[in-house]
There are 2 protein chains.
Amino acid sequence: MTKGSFTLPGESGYEKLTLEMAEKWGADCIRDSDGTVLSDEILGAGIPIYSTICLVRSINAWAKQHRQFLQRNFLMSKPVMAEGETLEIDPMDGYFDQQFVINPDDGTDLWQVFDRTGGEELTSWKWDGRRVKIENAVPYHFYTVNFLATRIWEEISMYNHITNDWGDKEHLMAVEPRYPETQKALLDFLDGWLKDHPHTSVVRLTSMFYNFTWIWCSSPRLRDYLSDWGSYDFTVNPLSLKEFEKEYGYRMKGEDFINMGRHNPTHNPPTKKFRDWMEFTGAFVREFGRKCVDLIHSYGKKAYVFYDDSWIGIEPWSGKFGEFGFDGLIKCVFNAFEARLCAGVKEVKTHELRLHPYLFPTGLGGEPTFLPGGHPEKDAARFWACVRRALLRVRIDRIGLGGYLHLTQGFPEFNDKIASIADEFRFIKRLHEKGKPFSTGIRVGILQSWGSLRTWNCAGHMHEHPELPLNHIHEALAGLPVELKSVSLEEVKKSGVPGDVDVLINAGREGDAWSGGDVWKDAALKTNIYRFVAEGGALIGVKEPGCVRNAFRNFALSDVLGVDIENGSTICKGKYDFELTKDHFITKDLKGEASFHNASSGVYALDGDTVVLDADGKDVRVACRQFFGGRSVYLSGFTYSFENTRLLYRALLWACRREEAADSLLPDDTACECAYFEEGKTLVVINNSEEPKRTCVKTPDGKEYTAEIEGAGIWVKEV
Amino acid sequence: MTKGSFTLPGESGYEKLTLEMAEKWGADCIRDSDGTVLSDEILGAGIPIYSTICLVRSINAWAKQHRQFLQRNFLMSKPVMAEGETLEIDPMDGYFDQQFVINPDDGTDLWQVFDRTGGEELTSWKWDGRRVKIENAVPYHFYTVNFLATRIWEEISMYNHITNDWGDKEHLMAVEPRYPETQKALLDFLDGWLKDHPHTSVVRLTSMFYNFTWIWCSSPRLRDYLSDWGSYDFTVNPLSLKEFEKEYGYRMKGEDFINMGRHNPTHNPPTKKFRDWMEFTGAFVREFGRKCVDLIHSYGKKAYVFYDDSWIGIEPWSGKFGEFGFDGLIKCVFNAFEARLCAGVKEVKTHELRLHPYLFPTGLGGEPTFLPGGHPEKDAARFWACVRRALLRVRIDRIGLGGYLHLTQGFPEFNDKIASIADEFRFIKRLHEKGKPFSTGIRVGILQSWGSLRTWNCAGHMHEHPELPLNHIHEALAGLPVELKSVSLEEVKKSGVPGDVDVLINAGREGDAWSGGDVWKDAALKTNIYRFVAEGGALIGVKEPGCVRNAFRNFALSDVLGVDIENGSTICKGKYDFELTKDHFITKDLKGEASFHNASSGVYALDGDTVVLDADGKDVRVACRQFFGGRSVYLSGFTYSFENTRLLYRALLWACRREEAADSLLPDDTACECAYFEEGKTLVVINNSEEPKRTCVKTPDGKEYTAEIEGAGIWVKEV
């Protein structure tokens with residue numbers, strides 16, 4: 001048993017247990033959790049202490065006294081049809097009134113009323129304190145009001161409160177740090193807190209100031225009006241709007257945020273204005289965040305940030321993350337891509353993962369975890385097997401758990417499992433310290449609207465948007481021996497495909513940020529990609545790559561990929577009657593047909609030069625094509641599975657003309673993957689499945705090994 | 001056994017058989033078929049004779065001598081990428097060279113070369129008689145050539161020749177009647193022919209001059225480049241272009257027909273230019289067609305037109321069909337909607353149906369019909385049951401068969417079945433002569449891009465485009481006791497919903513002519529429909545009604561229908577968690593779930609005012625909603641079946657607040673339908689299925705009857 005690199009959630013009242021488990025799991029750090037306070041016994045045990053803090057909801061007494069300094073956001077009223085020439089609209093109708101109120105002191109200068117049928121803003125309307133009154137409405141047109149709401153319940157507090165039925169426990173409110181008064185109150189609070197916590201070594205900030213957008217409705221059947229990890233709706237207020245105008249020379253209006261009620265979710269291609277707003281907000285978050293970090297440092301403590309909840313404006317892949325001065329980045333992980341998202345952030349020293357399951361009675365879906373009938377040890381093994389693939393590729397510095405430690409008491413198998421996971425983690429970490437694992441060196445460029453800002457993610461967890469093929473592509477790539485960067489469509493349009501990319505992947509649905517939307521109408525973008533592939537590059541298109549309506553092709557890259565999609569506008573055109581090519585390098589490891597639950601239907605081959613490898617009837621599922629000097633592969637969707645990961649890897653090798661790389665380090669069972677640490681002369685094979693496996697794998701020198709591995713197990717060989 | 005109203009295909013060499021079958025089937029008319037010549041014995045039997053003639057392919061010797069007067073059309077070359085600054089394109093590459101040639105005498109004035117990547121037309125290029133040469137190409141852009149091709153094989157001749165392997169039989173060519181020389185040759189030929197056929201009473205023109213668009217490729221794996229019953233591609237030639245410019249004051253270019261390679265199929269919303277071209281062509285077809293009809297009349301013969309093949313410019317629902325002066329309209333029918341399409345044309349006296357199966361050895365799909373193993377009597381019964389529903393609603397004047405009579409010799413059951421069908425037809429026809437059948441009086445307006453021009457059809461047979469819900473809606477309505485008209489989106493935009501419509505149906509896919517496309521961005525269109533429904537009207541939206549991207553709603557009528565579609569742009573927005581309403585008037589006759597093979601997924605309810613009646617998981621399949629004074633129903637798709645027809649009927653009754661109409665004349669078995677002829681006091685119940693049925697039905701006076709009906713049978717009761 002090894003020690004260290006493990007953060008344990010301590011619990012007051014369970015001092016003995018805390019210290020016992022610290023010993024068992026090799027913890028070198030004890031943290032508190034939301035709602036727990038560590039006792040003096042734990043604090044004095046000589047083990048470094050992590051303390052969590054969420055600044056913006058930490059000064060509730062002050063917030064109650066200063067409602068003008070609460071956070072705000074724009075909301076759009078329900079559309080209401082004019083039956084005659086006058087019309088009244090209650091803007092708040094349908095919204096959760098414990099989350100939102102209209103602050104009369106804000107006035108209505110920032111409000112807008114739209115005729116959504118005619119598409120025009122109204123110049124004249126009245127507000128009586130309850131309703132917007134419109135005279136001279138056009139009968140049978142629908143009208144909406146964009147209004148500025150004040151938020152009176154911080155969303156995470158609200159969610160935990162309502163989910164756990166906390167009754168009359170205080171509703172915490174999020175203060176708006178744009179105001180100098182708020183900044184002073186926050187820094188005063190932080191200063192006091194730092195003084196009061198001499199035992200704390202690491203201050204773990206539950207992100208910074210602005211929660212991801214989470215707008216609730218009043219209806220129990222429609223809780224979420226909007227929920228997005230990457231929207232900046234909650235950063236808007238009269239002061240920020242004013243400062244933005246001063247800095248950027250133009251004014252953002254409510255409608256720029258409301259966007260016909262669609263807002264600006266990460267999954268849609270961003271407007272220039274919205275990107276300006278993000279940059280503007282990021283600069284502020286970094287600037288004031290730095291002040292907080294500096295204050296923490298001034299007390300000789302470290303500052304870590306938890307990359308969740310109030311992460312808006314943090315953007316660890318913005319290239320400016322270093323400005324915060326954080327010492328550590330902590331990411332809660334369900335999946336391998338989230339581990340890569342954390343590990344790849346260069347501007348921070350310590351990368352830590354918070355593993356699942358959390359020490360909570362129930363899991364995400366309400367299933368028992370630490371309750372009778374629960375098997376947290378199985379959950380832990382399964383989550384670990386998901387994440388471990390990534391840890392074989394890149395180094396993570398620490399792992400840890402969250403929640404209430406006493407819950408583990410009835411689950412000794414869980415405690416044993418965590419002990420073995422912690423050991424396994426420390427072993428893998430040591431391998432990385434000796435040298436890098438084998439990589440094909442293939443440099444994948446994920447081509448989407450956001451570029452590097454959304455490296456390794458589409459914002460959010462896999463289970464929130466399993467319909468997005470790019471989520472699954474990220475997950476598959478996270479454990480493969482390839483390099484990854486994200487490239488924006490705008491930069492390829494302006495400057496061509498970057499020189500450090502061997503293969504481009506565009507994976508999305510028509511019009512979304514991952515496919516790209518209207519930018520594909522641009523000739524330079526298309527030409528730069530045609531050129532890249534024609535000169536020997538590689539392209540993988542997934543689902544509806546570069547898809548725009550009413551263009552020469554439906555897929556802008558159709559001529560490269562050799563496929564296009566029938567969207568109803570070409571039903572009279574003949575479709576090439578392809579013959580399936582059954583035996584091909586790319587599909588060699590598929591046992592049956594390829595299966596993507598997010599596949600697009602209606603994809604057809606342009607002509608006989610497209611080699612169709614898999615199809616659902618007449619719908620192409622997997623195809624490849626030579627395009628002048630380069631190669632392309634098309635997949636009609638992509639969902640993470642062992643077989644599909646292998647399919648993607650082979651597609652990458654084929655597209656990059658690196659087929660020989662499949663000759664070694666590829667276990668014959670697709671449930672297994674391996675890593676080879678040449679400096680350490682260590683071959684590691686992992687079993688990603690829950691069943692025991694026996695699999696063969698060759699090292700690059702041609703020697704073959706047989707690994708017998710228990711379910712979710714690991715096999716290590718000095719070679 | 002009754003007599004009359006039946007057209008028999010006679011066959012030379014089978015004189016006895018011809019006369020026997022004429023007797024058996026009660027034929028009052030004998031026709032020839034393509035490839036058959038009637039003998040003197042038949043001609044002299046005293047039975048009126050139909051003769052078929054297809055003018056444009058009738059003067060092949062002349063056509064060979066006058067290739068400048070052959071029909072032409074624009075084609076687009078394959079897109080070719082420029083690897084450097086020069087590029088050569090072979091325009092004909094990929095096209096079937098037995099159908100198309102480039103006539104050097106036409107020159108290249110009408111050609112266009114496009115940079116399809118940049119989207120611009122080139123001003124400079126050269127043609128060397130084989131290839132188009134481009135200098136100063138932009139490397140990595142794709143280029144295409146629009147060129148004028150001459151057609152050297154008339155498409156129906158080509159199809160029959162190739163399908164039946166006619167070897168060195170002459171290839172017939174279609175002449176271009178725009179040229180005065182051609183008109184003279186055609187009229188001379190027709191005059192001679194009329195002289196030579198004194199026994200002929202009815203000249204049946206196999207439509208007029210221009211075939212539906214049918215462009216073939218050279219590849220055996222991609223026979224059709226484009227195939228559409230409603231495209232006007234084959235009406236273009238140097239002379240028509242010149243005359244168009246003179247008449248309309250602007251010039252149509254090749255690209256107006258090529259349209260980025262998409263052409264102008266009926267299934268896409270038409271451009272103003274293309275509608276002008278159709279009107280221009282129609283005027284010519286009617287004008288020269290009238291000359292042909294007049295000539296036929298001058299010989300004391302009748303002129304019927306067969307509504308298929310070369311029907312371009314005929315358009316029996318244009319409102320100008322009467323200008324031809326035809327005496328009869330013949331439609332070959334697989335389905336009920338085709339019978340309605342024929343029956344509803346007012347400007348002609350005789351409406352005749354050509355029933356399936358044709359007397360050909362094999363059926364459409366190559367299955368044996370009049371070959372060993374075939375059961376033509378079953379086919380006949382099935383086709384008849386499909387079509388008969390329509391005949392209970394409206395009067396058709398004649399039926400008949402086509403093909404080679406001798407094939408029936410081994411199939412006495414078929415001959416008996418036709419005899420009984422002919423009797424049944426004559427019985428139904430007599431019922432109509434006594435008075436009209438019961439109708440709810442509900443006036444359905446089919447709302448699409450074309451308006452009345454495409455009444456009762458989307459151009460083409462059901463089996464060609466089963467993916468179109470409107471095809472199936474037409475088929476279901478064809479047997480229901482409702483009235484139908486088609487209304488164009490343009491007219492509703494300009495003048496509102498016509499006063500003679502009770503319920504609008506919009507049924508299509510995003511962007512197609514049946515849904516409507518971009519016109520839905522227009523405020524007046526939406527407002528007029530909101531007003532219509534709000535004031536008590538009814539709306540049924542099917543699949544993707546009024547669907548346009550990047551608008552306030554994805555479905556323009558979303559606020560009326562209470563549903564919208566997730567197209568990937570609103571994945572962060574919450575969706576109302578509806579509860580299914582199981583017991584409802586609309587879905588009362590569904591035994592299980594509604595099933596549409598062309599359903600759209602991702603449709604969700606806006607809020608709790610939408611009553612969801614059927615769903616596939618979280619995807620709405622059937623929903624209804626009160627919208628101010630009116631009602632709406634949404635269906636996620638529609639395919640014709642007995643249950644779905646009942647579902648549609650009930651949806652119509654509910655939407656029109658006519659639920660009481662379901663109390664009578666609705667057999668309790670959905671496979672059965674009934675008609676009630678009040679003047680004749682006759683209740684008719686038909687069994688549309690192949691199984692025997694026992695079903696109850698009430699007359700409007702509340703009396704209940706039980707009908708026992710054999711498969712595909714009919715039950716008649718004087719009441």
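**Exercise 1. Work out which residues of helix 9 of chain A meet helix 10 of chain A, and how the two helices cross.**

Step 1: pick out the contact. On the helix 9 side we have A:Ala336, A:Ala339 and A:Arg340, and they meet A:Cys386, A:Val387, A:Arg389, A:Ala390 and A:Leu391 of helix 10 of chain A. Contact here needs C-beta atoms, placed from the backbone, within 7 Å. Helices are DSSP runs of H or I with at least four residues, strands are runs of E with at least two, and both are numbered from the N terminus.

A quick word on the model before going on: it is predicted, so local features need pLDDT of at least 70 and side-chain atom pairs count only at pLDDT 80 or more, while totals for chains, interfaces and linings use all residues. Residues are numbered from 1 along each chain as its sequence is written, and chains are lettered from A and ligands numbered from 1 in the order in which they are written.

Step 2: sort the contact residues by class. You get six nonpolar, no polar and two charged. (Ala, Val, Leu, Ile, Met, Phe, Trp, Tyr, Cys and Pro count as nonpolar, Asp, Glu, Lys and Arg as charged, and the others, Gly among them, as polar.)

Step 3: get the geometry. The axes of helix 9 (residues 336–343) and helix 10 of chain A come within 7 Å and cross at roughly 40°. That makes helix 9 of chain A oblique to helix 10 of chain A. Axes are lines fitted to C-alpha atoms, for helices over the stretch in contact, and angles run from 0 to 180 degrees between N-to-C directions. Under 35 degrees counts as roughly parallel, over 145 as roughly antiparallel, 65 to 115 as roughly perpendicular, and the rest as oblique.

Step 4: add the hand. This crossing of helix 9 and helix 10 of chain A is right-handed, the label for a near helix turned clockwise from the far one by less than a right angle, with anticlockwise giving left-handed.

**Exercise 2. Describe how helix 6 of chain B lies against helix 8 of chain B.**

Step 1: take the axes. Helix 6 (residues 238–248) and helix 8 (residues 272–298) of chain B have axes that come within 11 Å and cross at roughly 105°. So helix 6 of chain B is roughly perpendicular to helix 8 of chain B.

Step 2: list the contact. B:Phe244, B:Glu247 and B:Tyr248 come from helix 6 of chain B, and B:Asp276, B:Trp277 and B:Phe280 from helix 8 of chain B.

Step 3: classify. Four residues of this contact are nonpolar, none is polar and two are charged.

**Exercise 3. Lay out the open sheet of three strands in chain A and find what packs on it.**

Step 1: write the order. It runs 29-30-33, with antiparallel pairing; two strands pair if DSSP finds at least two bridges between them.

Step 2: find the edges. Strand 29 (672–677) and strand 33 (714–718) of chain A each have a single partner strand, so one side of each is left without a neighbour in the sheet.

Step 3: check one pair. Strand 29 and strand 30 (residues 682–687) of chain A are joined by six bridges in the antiparallel sense, and A:Glu673 stands opposite A:Ile686 in strand 30 of chain A.

Step 4: add the helix. Helix 10 (residues 376–393) of chain A packs on the sheet, touching strand 29 and strand 30, and its direction makes about 165° with that of strand 30 of chain A.

**Exercise 4. Do likewise for the open sheet of seven strands in chain A.**

Step 1: the order is 21-20-22-23-28-27-26, with mixed pairing. Strand 21 (483–488) and strand 26 (611–616) of chain A are the edge strands, each pairing on one side only.

Step 2: look at a parallel pair. Strand 23 (residues 538–543) and strand 28 (residues 630–635) of chain A share five bridges, and A:Ile540 has A:Val633 in strand 28 as its bridge partner.

Step 3: place a helix. Helix 16 (residues 642–655) of chain A packs on the sheet, at about 160° to the direction of strand 28 of chain A.

**Exercise 5. Find the relation between chain A and chain B, then describe their contact.**

Step 1: superpose. A rotation of 180° with 0.0 Å of shift along its axis puts chain A on chain B, RMSD 0.0 Å. That is the relation of a two-fold axis. The fit is by least squares on the C-alpha atoms of residues with pLDDT of at least 70 in both copies.

Step 2: count. The contact takes 48 residues from chain A and 48 residues from chain B. Helix 14 of chain A gives the largest share of the chain A side, six residues.
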